[in-house]
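Got your viewer open? Take a few minutes to click through this one with me, stop by stop.

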Amino acid sequence: MAHVVPADPQAVVTVKKKTQPSRSWVLLDSTGESTVLDVDKYAIMHRVNIHARDLRILDPLLSYPSTILGRDRAIVLNLEHIKAIITSEEVLLRDPSDEYVVPVIQELQRRLPPVNSIRQGQEYAGGQNDVDAGDEEESPFEFRALEVALESICSFLAARTLELETAAYPALDELTSQISSRNLDRVRKLKSAMTRLTARVQKVRDELEQLLDDDDDMADLYLSRKLAGASPVSGSGAANWYPASPTIGSKISRASRASMATVRGDENDVEELEMLLEAYFMQIDGTLNKLTTLREYIDDTEDYINIQLDNHRNQLIQLELFLSSGTVCLSVYSLVAAIFGMNIPYTWNDNHGYVFKWVVIVSGILSAVMFVLIMSYARFKGLVGS
């Protein structure tokens, strides 16, 4: 059950500035218990020991790119709807009442406690060798929390992509069968939604790819290993860092004894994290491929629609040329017939009344020949179809 805890007065740094507004966070420890914190950024900075510029990345009022940053004692995660700070024993999530963050909190509560319960059961029921074997098999706390966050983000984007595909493909097929303003406007809105979703998926993919390309950045995410490597130097550092944790002392001592001889040699070993990131990189890359396929389908549909429109436009042009040619020929015929049909006394008109009949016939034949010549020339130039 979540508890609301006010800001710790001792955790707030006194500054000569305006008091920072409180922000709602939820804290989940290694047992899965959640605690709602209504604190300002100075309390968070003091708790996880990060710089203000790192915390500013999580500010929803500011626009920052997707980021996974590894610091000395925390991982700053800003991907999609998840804005979190992960330490080796705690997870801080911003805006716990958000409808997209609530499932993440529930998943963390569900997946974190069993690992710790098994470990505690081994401590009581098994020997030291069994405990060490169990610790070797389990992933660090920060990786389990990071996995839940990445899984939530990838699943969220995959679900949005599926919804878009479900709506887009029938709309495109309907547009292909019937071109109308309503269908065109519907496809336009779907294309805009696809462009925005593609940009969001691309940001997550680029961040994971950038992280996978740099072993040093991945090594910075090994918080437990850095904490274990620093514990022999400062014996009370871990205790001050997590005074309320019941298992941190024994965990650090075991990690120190087991890895002290090889901590320097293994500090660049990022195989475990690399496998984790590659799995979700492939998943988000598959989602991006689906959106790319959808974009290509939309482009093909647009090309098909443009071809249809061009064909209709050409048919209208041919009809216009046909009517214009016929109008010109009829105009010539009417002009000749009108000239010879005038009731004007001409001397050559006497005793030659039959001439008008032949004038009309010859003019009609010449007009028809003129129309055929015009259409033949237009067909020769490719202005009309054969």
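Start by selecting Asp40. Is this residue buried or exposed? Asp40 counts as buried, because its relative accessibility is 8% and the cut-off for buried is under 20%. You'll find Asp40 in the loop between strand E3 (34–39) and helix H1 (41–48). Now add Ser24 to the selection: 16 residues separate Ser24 and Asp40 along the chain, and their C-alpha atoms are 8.4 Å apart. Keep in mind as you click that this is a predicted model.

Next, pick Thr31, which sits in the loop between strand E2 (23–29) and E3. Thr31 has a relative accessible area of 39%, so it is partly exposed. Which distance do you get from Thr31 to Arg110, C-alpha to C-alpha? The answer is 9.8 Å, for two residues that are 79 apart in sequence.

**Zoom out for a moment**

Show the whole protein chain as a cartoon. How many helices and strands are there? The chain has 13 helices and seven strands. Of its 386 residues, 36% are buried. Take the contacts between residues at least 6 apart in sequence: 71% of them join residues at least 24 apart.

**Two loops with a positive phi**

Zoom back in on Glu80, in the loop between strand E5 (75–79) and strand E6 (82–86). Check its backbone: Glu80 is not a glycine, yet its phi is positive, at about 55 degrees. Glu80 counts as partly exposed because its relative accessibility is 21%; the limit for buried is under 20%.

Then jump to Asp95, which belongs to the loop between strand E7 (90–94) and helix H3 (102–125). Here again is a residue other than glycine with a positive phi, near 50 degrees for Asp95. With a relative accessibility of 34%, Asp95 counts as partly exposed.

**Into helix H5**

Select Ser152, a residue of helix H5. Ser152 has a relative accessibility of 18%, so it counts as buried. What does Ser152 touch, once you leave out residues up to four places away in sequence? Highlight His81, Ile82 and Val104, and you have its contacts.

**Three helices, pair by pair**

Colour helix H5 (residues 141–177) and helix H12 (residues 271–340) and look at how they pack. Their axes lie 10 Å apart, at an angle of about 15 degrees. That is why H5 counts as roughly parallel to H12; the cut-off for that label is under 35 degrees. H5 passes H12 in a left-handed crossing. Show side chains where H5 meets H12 and you'll have 22 nonpolar, eight polar and six charged residues in the contact.

Now give helix H6 (residues 181–212) a colour of its own and compare it with H12. The H6 and H12 axes come within 9 Å and cross at roughly 150 degrees. That makes H6 roughly antiparallel to H12, since angles over 145 degrees get that name. The crossing of H6 past H12 is left-handed. Which classes of residue make up this contact? Between H6 and H12 there are 15 nonpolar, four polar and nine charged residues.

Hide H12 and look at the remaining pair, H5 and H6. Their axes are 10 Å apart, with a packing angle of about 155 degrees. H5 and H6 are therefore roughly antiparallel to each other. H5 and H6 also cross in a left-handed sense. Bring up the side chains of this contact: 19 nonpolar, two polar and five charged residues take part in the packing of H5 with H6.

**Last stop: a stretch from the record**

Finish by selecting residues 187–214, which UniProt lists as a "coiled-coil region" in an unreviewed entry. How much of that span is helix in this model? The span is 93% helix and 0% strand. Draw a distance between the C-alpha atoms at its two ends, and the viewer should give you 40 Å.

Methods:
Residues are numbered from 1 along each chain as its sequence is written. This is a predicted model: local features need pLDDT of at least 70, side-chain atom pairs count only at pLDDT 80 or more; totals for chains, interfaces and linings use all residues. Side-chain values use heavy atoms; hydrogens and water are left out. UniProt positions are given in the numbering used here, feature names are shortened, and annotations may be inferred rather than shown by experiment. Helices (H or I, at least four residues) and strands (E, at least two) are DSSP runs, numbered from the N terminus. Axes are lines fitted to C-alpha atoms, for helices over the stretch in contact, and angles run from 0 to 180 degrees between N-to-C directions. Angles under 35 degrees count as roughly parallel, over 145 as roughly antiparallel, 65 to 115 as roughly perpendicular and the rest as oblique. A crossing is left-handed if the near helix is turned anticlockwise from the far one by less than a right angle, and right-handed if clockwise. Ala, Val, Leu, Ile, Met, Phe, Trp, Tyr, Cys and Pro count as nonpolar, Asp, Glu, Lys and Arg as charged, and the others, Gly among them, as polar. Buried means under 20% relative accessible area, exposed over 50%, partly exposed in between (1.4 Å probe, protein chains only). Contact means heavy atoms within 4.5 Å.
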